[in-house]
Amino acid sequence: MSAIKDVTVIIDIQKPSPVVGFGKPLIIGTSATAKPYKTYTELSEVATEFTTSSEVYKAAKAIFDQDNRPPELAVMLRETAGTWDDFLPTIFDKDWYFAVCTRSTLEDITAIADAIEAADARQFAVSTSSKDDLTSIKAKDYKNTFVFYHTNIDNYPEAALVGEAGSKPVGSITWKGQRLKVIQPLDITAAELREIHNLGAITYVTKAGDPVTSEGKTVSGEYIDVIHSKHFVIHTLEYEVQKLFNNARDRKIGYDNTGIAQIEGVVRTVLQRCVNQGIIARGSDGVGLYSTTFKTREQTTPLERASRVYNGGAFAFELAGAIHETTIKGVVTY
């Protein structure tokens, strides 16, 4: 996720009327002394620097306890006397995708969520036991933040969800129906669950005897896997096309139709990978529902060619999505 690049990919998610460490968590903590970014591969490594009663350890444990835990997580600590405005800009040049915070006040949540929203390249997972806070967070309509409502947030249910679902192949899962270790399901009515969902949050409930996450949406109502997929596609395209440029040191990519075809070829390879992962839908013939349109050299302007800038590439695809609910009709006869 380097800030220095020659490739920029822009995706708009168009809905019909009535898209590196893409599972790597970053635990953001606070202490009297700031701590720089550091990665840990086992809970025992975390325990050498943080006591088992510390909030960082609790969050790390929730992540590493899961069946599909990530291979590593990262930790950064903000100095207590510092401000979020000073601290948050320093996190975005580090390797992580899902942020988790050890502080759950509304002020802390919105400060981080605002920064994540502005960057629009990662996601923030947070938990709260306050429906009043949910109301305030919902008003912000965050598309890159998802909130886990639970009456007990001491064991970090949002971190557990990131630990279980975040490192599965992007596009292969939906975040609804995930099973989490240690987290207890809430005993609530259907009306109470609707209230939580209407407040832009998800929770943990029992369905057909199994404890599962109740939904898989961000505060805005967009699906977590859609946002994850969008960021993955953007980053992967930028990375692979940048690699194409980097490897052209012995033979340049000519500003002709052959050179343009090289770029388009990389884009199509990435899109096919997204088909294989389940991000992009397949048609009835099994072929991925995506397309690319790249202007020929003749369709570019002399100014573009003189400045060595090519802006004629475009692509589109249909999200595979997922089935979350179903109604099945039957007929019984004598």
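User: How many helices and strands are there in the chain?
Analyst: This is a predicted model. Counted along the chain, its secondary structure comes to ten helices and eleven strands.

User: What radius of gyration does the chain have, set against that of a compact globule?
Analyst: The C-alpha trace spans about 75 × 65 × 35 Å along its principal axes. For 334 residues, a compact globule would have a radius of gyration near 20 Å. The value for the chain agrees with that, at 22 Å.

User: What percentage of the 334 residues in the chain is made up of buried residues?
Analyst: A residue counts as buried when its relative accessible area is under 20%. Of the 334 residues in the chain, the buried share is 46%.

User: How many of the ten residues of helix α2 are buried?
Analyst: Helix α2 covers residues 55–64 and is mostly covered. Its buried residues are Val56, Tyr57, Ala59, Ala60, Ala62, Ile63 and Phe64. Out of ten residues, the number buried is seven.

User: Which elements do the buried residues of α2 pack against?
Analyst: The buried residues in question include Tyr57, Ala60 and Phe64. Their packing partners are the strands β1 (25–31), β2 (35–40) and β3 (73–79), together with the helices α1 (43–47) and α6 (157–165).

User: Which residues does leucine 43 touch, leaving out those up to four places away in sequence?
Analyst: Leucine 43 lies in helix α1. Its relative accessible area is 17%, and the cut-off for buried is under 20%, so leucine 43 is buried. Beyond its sequence neighbours, leucine 43 touches Tyr57, Ala60, Lys61 and Phe64.

User: At what angle do α2 and α6 pack?
Analyst: Two packed helices are described by the angle between their axes and the distance between the axes. For α2 and α6 the axes are 7 Å apart, and the crossing is right-handed. The angle is about 35°.

User: How do the residues of the contact of α2 with α6 divide into nonpolar, polar and charged?
Analyst: From α2 the contact takes Ala59, Ala62 and Ile63, and from α6 it takes Ala159, Ala160 and Gly163. Gly counts as polar and Ala and Ile as nonpolar. The division is therefore five nonpolar, one polar and no charged.

User: Are α4 and α5 roughly parallel or roughly antiparallel to each other?
Analyst: Helix α4 (residues 106–119) and helix α5 (residues 131–140) have axes that come within 11 Å and cross at roughly 20°. Angles under 35 degrees count as roughly parallel. The two helices are therefore roughly parallel.

User: What handedness does the crossing of α4 and α5 have, and which residues make the contact?
Analyst: α4 passes α5 in a right-handed crossing. Leu106, Ile109 and Asp114 are the α4 residues of the contact. On the α5 side they are Asp133, Ser136, Ile137 and Lys140.

User: How many nonpolar, polar and charged residues does the contact of α8 with α9 have?
Analyst: Helix α8 (residues 224–246) and helix α9 (residues 257–277) pack at about 145° with their axes 10 Å apart, and the crossing is right-handed. The contact includes Phe232, Leu237 and Phe245 of α8, and Ile263, Val266 and Arg273 of α9. By class there are eleven nonpolar, three polar and two charged residues.

User: How far apart in space are valine 147 and isoleucine 202, C-alpha to C-alpha?
Analyst: Valine 147 is found in strand β6 (residues 145–149) and is buried, with a relative accessible area of 2%. Among the residues it touches are Val126, Leu134, Ile137, Ala201 and Ile202. Valine 147 and isoleucine 202 are 55 residues apart in sequence, and in space the C-alpha distance is 6.3 Å.

User: Is isoleucine 196 buried or exposed?
Analyst: Isoleucine 196 sits in helix α7 (residues 190–198). It touches Tyr149, Ile188, Ala201, Ile202 and Thr203, not counting residues up to four places away in sequence. Its relative accessibility is 1%, and the cut-off is under 20%, so isoleucine 196 counts as buried.

Key: Residues numbered from 1 in each chain as written. Predicted model: local features only at pLDDT ≥ 70, side-chain atom pairs only at ≥ 80, totals over all residues. Heavy atoms only, no water. Axes fitted to C-alpha atoms, helices over the stretch in contact; angles between N-to-C directions. Helix = DSSP H or I, 4+ residues; strand = E, 2+ residues; numbered from the N terminus. Parallel < 35°, antiparallel > 145°, perpendicular 65-115°, else oblique. Left-handed = near helix turned anticlockwise from the far one by under 90°. Contact = heavy atoms within 4.5 Å. Buried < 20%, exposed > 50% of the residue type's maximum accessible area, 1.4 Å probe, protein only. Rg over C-alpha atoms; globule rule 2.2 N^0.38 Å.
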